[in-house]
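Here's a walk through a two-chain model, taken a piece at a time. Keep the structure open while you read.

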Amino acid sequence: MPQINMVQSLNRSLDQLMAGDERIVLLGEDIGIDGGVFRVTDNLMNKYGEERVIDTPLNELGIIGMATGMAMYGLKPIAEIQFQDYIFPAFDQIVNNVAKVRYRTGGRFSVPLIIRTPYGGGVKGGLYHSQSGESYFAHTPGLTVVTPSNPYDARGLLVSAYKSNDPVIFLEPKRLYRAIKTEVPDELFEVEIGKAAKLKEGDDLSIITYGSTVPTVMNTVEKNGVNADVIDLRTLLPMDVGSIIETAEKTGRVVIVHEAPKTLGVGAEVSALIAERAIDSLRSPIVRVAGYDTPFPYSHEELYLPGEKRIMNAVNKVLAH
Amino acid sequence: MSMVGNLSNEQALIAYKNAVRARTLDIKIINAQRQGIIGFHVPAQGQEMIQIAIGMMAEKEDLIFSYYRDLALYLQRGVPVGDIFDQMLGNSSDLQKGRQMPDHFSFSEYNFSTVQSPVGSHIPLTVGAAYAMRYNKKKGIVIVTFGDGATSTSDFHAALNFASVYNLGVLFICENNGFAISMPVSKQTKADIYKKGSAYGIPGKRVDGNDLIASLAGLQEAFDYVRSGKGPYLVEAVTYRIGPHSTSDDPKKYRVDEITDGSDKDPIRRLENLMLKMGVVDSNFIQTTKIEAKQEVDKALDERMNIPPTEPSSIFDDVYEKPTWIQEEERRDLDASD
């Protein structure tokens with residue numbers, strides 16, 4: 001089996017899905033001849049033509065509004081927002097139309113739309129190419145929010161998002177786009193939405209993470225011989241509460257790691273779920289290692305991103321308690 | 001018999017009847033709101049003629065994205081008054097299961113889309129719908145209505161640009177009723193609304209939306225243009241909002257009425273006077289039409305107002321195709337708290 005990176009995995013998956021379903025159209029900025037600024041849609045316009053791979057004017061509201069209309073009337077659009085930082089002009093469309101059309105029409109309409117967008121820092125992108133805005137979307141009933149941490153999950157989650165009849169926010173951790181190569185089967189397969197992955201079994205504590213910080217956590221626990229359960233959430237809405245509670249009850253010590261700002265980040269919801277359901281099992285306070293509550297700093301991005309040192313401080317803190 | 005141009009006497013009679021029905025329904029809803037039977041209403045009085053004209057020009061296969069002030073358009077397109085009341089009441093017969101506040105319909109059986117509150121945010125959806133129709137080789141065009149306030153939104157401009165870039169069959173119709181809540185159109189924009197498409201290569205036209213004959217004549221060119229595949233078109237229908245913005249609004253704070261219900265400038269009265277003058281109808285017909293309309297809306301509300309609301313636990317349906325564990329758990333909590 002060939003080893004491929006996340007960009008290759010997504011590109012191959014989009015290609016295969018498009019080959020099998022004429023309802024699929026792609027739309028976004030520079031996704032056609034340019035193949036997208038990260039090349040995820042490379043060569044797809046050549047293969048499927050301009051009617052199915054649509055370069056759009058520079059207007060995110062327009063992209064998502066158009067994609068919503070397409071999804072309501074029989075197509076299966078996959079929209080790309082070039083950077084998640086640029087999605088906010090479309091936020092009204094996402095929150096008030098995309099997420100609510102099924103509900104407000106009593107199920108008479110649906111929006112089977114995938115919105116792909118790269119997020120997170122680590123590529124020297126400064127304030128506006130680095131944000132992790134998953135909480136904005138995970139706070140909106142009607143949306144499904146997923147984020148793969150490796151090329152295999154990228155493929156499986158994309159296929160599951162394609163099969164969903166509801167809108168999916170598909171967050172791609174851009175610093176992992178080309179960082180990791182893994183074996184990915186060439187036939188289409190699904191990674192179930194709403195199911196976390198246990199990446200490592202351990203007894204001393206649980207580390208719950210997702211997206212770009214998954215490799216950081218794995219490298220840290222391996223290098224330092226930490227005997228941890230490591231959970232990759234993969235879906236942020238709806239979260240896999242079963243896996244979260246199971247590991248919390250098993251180890252009684254929980255560290256949550258993510259890159260987004262700590263306040264009201266995904267870690268807050270994970271903490272609350274554990275507090276509501278498994279507090280009796282806890283042997284230590286829950287500790288969150290997250291991005292700082294600042295805008296994303298350009299010249300100190302390594303400082304901002306949760307790294308080995310901060311993760312180990314948290315691990316030692318919960319173990320010492 | 002032709003009344004004017006292509007407008008037959010029979011079409012004119014239907015148009016008149018529907019305008020009267022819409023006006024009567026509107027008044028009925030306002031009264032029901034004051035009595036606490038209906039929660040809210042966005043009156044559409046004064047805008048009936050342009051809405052009737054759109055309904056007359058549109059074919060069945062044309063998809064319409066209406067906005068929250070289009071009562072006459074629904075009636076002209078055949079939506080039963082009872083279905084409108086079900087939505088206004090949010091009862092268990094409401095097609096949308098009581099999920100939306102009044103005037104936010106989704107009469108898809110009549111090829112309407114869905115109405116939302118955020119002004120203008122339906123306009124970009126028309127681009128995708130038109131794209132999908134062309135992609136799937138479906139007949140028909142997409143028609144979208146909105147108020148003058150909507151022309152200031154980013155949604156409006158994005159939609160015009162996209163529709164033009166992809167040469168899509170979208171007919172944009174601004175029902176310029178002079179006000180966006182309290183803001184007169186003179187403060188909304190310094191430009192003519194019908195010219196706003198020129199920045200995007202879209203032709204535009206202003207029509208007298210208070211006159212059925214003028215509306216039909218003006219719309220003809222726009223419909224022909226879009227149907228012929230030349231691309232989108234922008235119509236500004238100048239009309240007048242006789243009532244307040246909504247039942248929660250007091251227009252006395254910001255304006256003096258220039259046109260009132262039943263005055264000579266009232267669009268329905270204008271058609272009525274023309275038909276009387278031309279001998280198409282007599283005063284008996286006018287009186288009978290009004291009485292019948294009143295009977296129809298009175299009866300419909302009486303029938304519908306006692307239909308019970310949906311089951312409380314249904315609030316957790318349709319968030320997703322299948323509820324997630326979160327909705328299921330909250331539904332159990334709700335049931336347990338009874």
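What follows goes from the domains to the chain contact, then to a few helices and some backbone oddities.

## Two chains, two domains each

Bear in mind that this is a predicted model. In chain A, the domain assignment gives domain 1 (3-183) and domain 2 (197-320). Their centres, taken over C-alpha atoms, are 26 Å apart. Where they meet, 27 residues of domain 1 of chain A are in contact with 22 residues of domain 2 of chain A.

On the domain 1 side of that meeting, helix H6 (134-138), strand S6 (144-146), helix H7 (151-163) and strand S7 (168-173) of chain A each put in at least two residues. Sorted by class, this side has 12 nonpolar, 11 polar and four charged residues.

Chain B is split too, into domain 1 (2-307) and domain 2 (312-338). Here the C-alpha centres of the two domains of chain B lie 36 Å apart.

## Where the chains touch

How many residues does the contact take from each chain? Chain B gives 36 residues and chain A gives 37. Looking at the chain B side, the elements that supply two or more residues are helix H5 (123-135), helix H6 (154-165) and helix H11 (325-336) of chain B. H5(B) provides the largest share of that side, with 10 residues. As for chemistry, the residues of chain B that touch chain A come out as 18 nonpolar, 13 polar and five charged.

## A helix pair in chain A

Packed helices are described by the angle between their axes and the distance between the axes. For helix H9 (residues 241-251) and helix H10 (residues 266-278) of chain A, the axes come within 10 Å and cross at roughly 65°. The crossing of H9(A) past H10(A) is right-handed.

Want to pick out the side chains yourself? From H9(A), look for Val241(A), Ile244(A), Ile245(A), Ala248(A) and Glu249(A); from H10(A), Val270(A), Leu273(A), Ile274(A), Arg277(A) and Ala278(A). That contact holds eight nonpolar residues, no polar ones and two charged ones.

## An enclosed helix in chain B

Is helix H4 (81-89) of chain B largely enclosed or exposed? Seven of the nine residues of H4(B) are buried, so the rest of the structure largely encloses this helix. The buried set is Val81(B), Ile84(B), Phe85(B), Asp86(B), Gln87(B), Met88(B) and Leu89(B). These buried residues pack against helix H1 (9-34), helix H3 (71-76) and helix H10 (283-304) of chain B. Right after H4(B) comes Gly90(B), with a positive phi of about 65°.

## Backbone oddities

Most residues other than glycine have a negative phi, and most peptide bonds are trans. A few spots here go the other way. Asp30(A), not a glycine, has a positive phi of about 65°. Asp30(A) sits in the loop between strand S2 (24-28) and helix H2 (44-48) of chain A, and with 16 other C-beta atoms within 10 Å, Asp30(A) is partly exposed.

Over in chain B, Asn111(B) also has a positive phi, near 60°. You'll find Asn111(B) in the loop between H4 and H5 of chain B. Asn111(B) counts as partly exposed, with 17 C-beta neighbours inside 10 Å.

Which residues does the cis peptide bond join? They are Leu237(A) and Pro238(A), with omega about -5°. Pro238(A) lies in the loop between strand S12 (235-237) and H9 of chain A.

How values were computed. Residues numbered from 1 in each chain as written. Chains lettered and ligands numbered in written order. Predicted model: local features only at pLDDT ≥ 70, side-chain atom pairs only at ≥ 80, totals over all residues. Contact = placed C-beta atoms within 7 Å. Helix = DSSP H or I, 4+ residues; strand = E, 2+ residues; numbered from the N terminus. Nonpolar A, V, L, I, M, F, W, Y, C, P; charged D, E, K, R; others polar. Domains from an automatic or database assignment. Axes fitted to C-alpha atoms, helices over the stretch in contact; angles between N-to-C directions. Left-handed = near helix turned anticlockwise from the far one by under 90°. Buried ≥ 20, exposed ≤ 12 C-beta atoms within 10 Å, placed from the backbone.
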